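Let's take a walk through this structure together, stopping at a few helices, some single residues and the empty spaces between them. Keep the 3D view open as you read.

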Amino acid sequence: MEFDEAVLKSLIPSLSSVVVLSSYLGYLAIAGLVLPGKVVPGAVLSDGSRLHYRCNGLLSLVLLLVLTGTGVYLGWILPTVIADKGIELLSATLLFSILVSVMLYIAGTNSRNTSASLKPHVTGKFIDDWWFGIQLNPHFMGIDLKFYFVRAGMMAWLFINLSILSKTYLAGTANLSVFLYQLFCAIYVIDYFYHEEFMTSTWDIIAERLGFMLVFGDLVFIPFTFSIQGWWLLKNQVELPSAAIIANCIIFITGYLVFRGANKQKHIFKKNPKALIWGKPPKLVGGKLLASGYWGIARHCNYLGDLMLALSFSLPCGASSVIPYFYPIYLFILLIWRERRDEARCSQKYKEIWAEYCKLVPWRIFPYVY
C-alpha cells in the first residue's frame, strides 16, 4: 500500500523535476541557436523551398557533458539525479508533450501561411490533427521544433543511461553486461550526433507533420523506454558467457555497419545522384530510385540494421525476462508497420517505377526472408 502511494506520488511532477526538465530544454534551445555548426540544406519541399539546419548537436552534447561533469565534480549536481527522479521526469515530460502538441494544434489551425513547411493540413478531425500534426515544420523563436525535439530525445537517452550507470556503480552491481549495454548505446547516440546531418533526409523530417505522435515519440518514448535495459540491469545481475559476449558484439557491429552504411548511401545519393556506391556508379531505376549498395539488397535495409542494433542493446540482459526486449519487439512491430506505409506511399508516388524497383529488389527488410 505504501509502495503504491509512493508510485502515485512520484507520478506528480515535483518542482525539482520541472526545473531539471526546463533547464535541459532551455540549454538545448540556446545551444542550438548560438553554438557553431555546419548548416545543411534540407530536402526540397513541394513548393521548391528548402529549410536549413544547423547541425551542432555533437558540440551541444560535448559541452553539456562537460558542464554536467563539472557540476558533479564540484558537488553541485548528484550524478544519480536523473535516475532518482525517473518517474517524476517521465510524468513531467509527458505533460509537457501534451501541452506542446495542443499548442501546435491551436497554432496550426489558426495559421494562414501558404509555404510548404507551414501550410496547415486540417482534416477537421481533432484526434487526427492533434495526433499526426497540422504543419510540417513549425518553428518557435527561430527553432525548428521537429529537429529540436528529436535532438532532445536522443541526448536525454544518453543522460538517463549515464545517471543509471552512476546508480548501478554506487549500488555495486556494475559488471560486463552493464558495460556492454552502456557502451553500445553511447556509441549509437554519439554516432547519431556525429552524422546529425543525415537526419535532415529522413522521412520524419521531410514528410511527417509535427503532432503528438512525433513530440511524444521524441521526448518521452525514445529516452524513457530505450533505457529500460539499464533499469533492468540495475536490479538484476547478469553474467554472460564468453560466446554470448562475442555474439552480442558481432550483432552490434554488423547492425551498425548496415544501419549507418545504408543511411549514408541514401543521404549521399540525395545530395549527389552520381556519387559512387561501393566504388561503382549507382544503379538507378527510372532515374530516381537507388538500387545499388545496401539499397540493392533490400528496399528498407536500414531497418534491418536498426533492428540488429536494438537487439544488441537488449542481449546484455540475458534471456531470463522479456522485459529488456521491449525495445526490439516494439521496433520490429513499428518498422513492419512503417515499411508497409512507406511502400504504399512510394507506390502511389513513383507508380510503375516503384513496381520495377520491387521486381529488381524483391526483399523488403530481411534478405531472402521478407
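A residue is called buried here when its relative accessible area is under 20%, exposed when that area is over 50%, and partly exposed in between. Please keep in mind that the model is predicted.

With that cut-off in hand, start at Gln182, which sits in helix α8. Gln182 counts as buried because its relative accessibility is 9%. What does Gln182 touch, once its neighbours within four places in sequence are left aside? The partners are Asn161, Leu162 and Leu165. With Asn161 there is also a polar link: a polar atom of the Gln182 side chain lies 3.0 Å from the backbone oxygen of Asn161.

Stay with α8 and look at how this helix meets another one. Helix α8 covers residues 176-194 and helix α13 covers residues 301-314; their axes come within 9 Å and cross at roughly 145°. On the α8 side, the contact is made by Tyr181, Phe184, Cys185 and Tyr188, and on the α13 side by Asp306, Leu309, Ser312 and Phe313. Sorted by class, the residues in this contact are 6 nonpolar, 1 polar and 1 charged.

Helices α8 and α13 turn up again when you move to helix α11, residues 228-235. Its buried residues are Gln229, Gly230, Trp232, Leu233 and Leu234. These buried residues pack against α7, α8, α10, α13 and α14.

Follow the chain out of α8 and you come to Thr202, in the loop between α8 and α9, the latter spanning 203-206. Is Thr202 buried or exposed? Its relative accessibility is 18%, so Thr202 counts as buried. A polar atom of the Thr202 side chain lies 2.7 Å from the backbone oxygen of Met199.

Now for the empty spaces. Rolling a probe the size of a water molecule over the atoms shows where empty space is left. The structure holds 3 cavities of 30 Å³ or more. In the largest cavity there is about 50 Å³ of space, and its lining consists of Gly42, Ala43, Leu45, Leu51, Tyr53, Asn137, Thr200, Ile205 and Ile206. By class, that lining divides into 6 nonpolar and 3 polar residues, with no charged ones.

Turn next to the second largest pocket, whose volume is about 840 Å³. It is lined by 33 residues, and those nearest its centre are Val20, Tyr24, Thr68, Ile82 and Phe159. Which helix gives the most to this lining? That is α7, with 9 residues. At least two lining residues come from each of α2 (15-34), α3 (57-73), α4 (81-84), α5 (86-109), α7 (145-171) and α10 (212-225). The lining of this pocket has 26 nonpolar and 7 polar residues, and no charged residues.

Two residues deserve a look for their backbone angles. Most residues other than glycine have a negative phi. Met141, however, has a positive phi, near 55°. Met141 lies in the loop between β3 (139-140) and β4 (143-144), and it counts as exposed because its relative accessible area is 69%. Lys351 also has a positive phi, of about 55°, although it is not a glycine. The place of Lys351 is the loop between α14 (326-350) and α15, and at 52% relative accessibility it counts as exposed.

Step back to Tyr350, which belongs to helix α14. Tyr350 has a relative accessible area of 19%, so it is buried. Its side chain makes a polar contact of 3.5 Å with the side chain of Lys349. Beyond its neighbours within four places in sequence, Tyr350 is in contact with Lys288 and Leu289. The C-alpha atoms of Tyr350 and Leu290 are separated by 13 Å, with their positions 60 residues apart along the chain.

The walk ends at Pro367, in the segment after α15 (352-360). Pro367 counts as partly exposed because its relative accessibility is 24%. Not counting residues up to four places away in sequence, Pro367 touches Ile297 and Leu304. Its C-alpha atom is separated by 12 Å from that of Tyr303, which is 64 residues apart from Pro367 along the chain.

Key: Residues are numbered from 1 along each chain as its sequence is written. This is a predicted model: local features need pLDDT of at least 70, side-chain atom pairs count only at pLDDT 80 or more; totals for chains, interfaces and linings use all residues. Side-chain values use heavy atoms; hydrogens and water are left out. Axes are lines fitted to C-alpha atoms, for helices over the stretch in contact, and angles run from 0 to 180 degrees between N-to-C directions. Helices (H or I, at least four residues) and strands (E, at least two) are DSSP runs, numbered from the N terminus. Contact means heavy atoms within 4.5 Å. Ala, Val, Leu, Ile, Met, Phe, Trp, Tyr, Cys and Pro count as nonpolar, Asp, Glu, Lys and Arg as charged, and the others, Gly among them, as polar. Buried means under 20% relative accessible area, exposed over 50%, partly exposed in between (1.4 Å probe, protein chains only). A polar contact is a pair of N or O atoms within 3.5 Å; within protein, one must be able to donate a hydrogen and the other to accept it, and residues adjacent in sequence count only if both atoms are side-chain atoms. On a 1 Å grid over the protein atoms alone, a cavity is a set of points where a 1.4 Å probe fits but cannot get out, and a pocket is an open set with protein on both sides within 12 Å along at least five of seven lines; lining residues have an atom within 4 Å of a point. Grid points are joined across faces, edges and corners, and a volume is the space filled by probe spheres set on the points.
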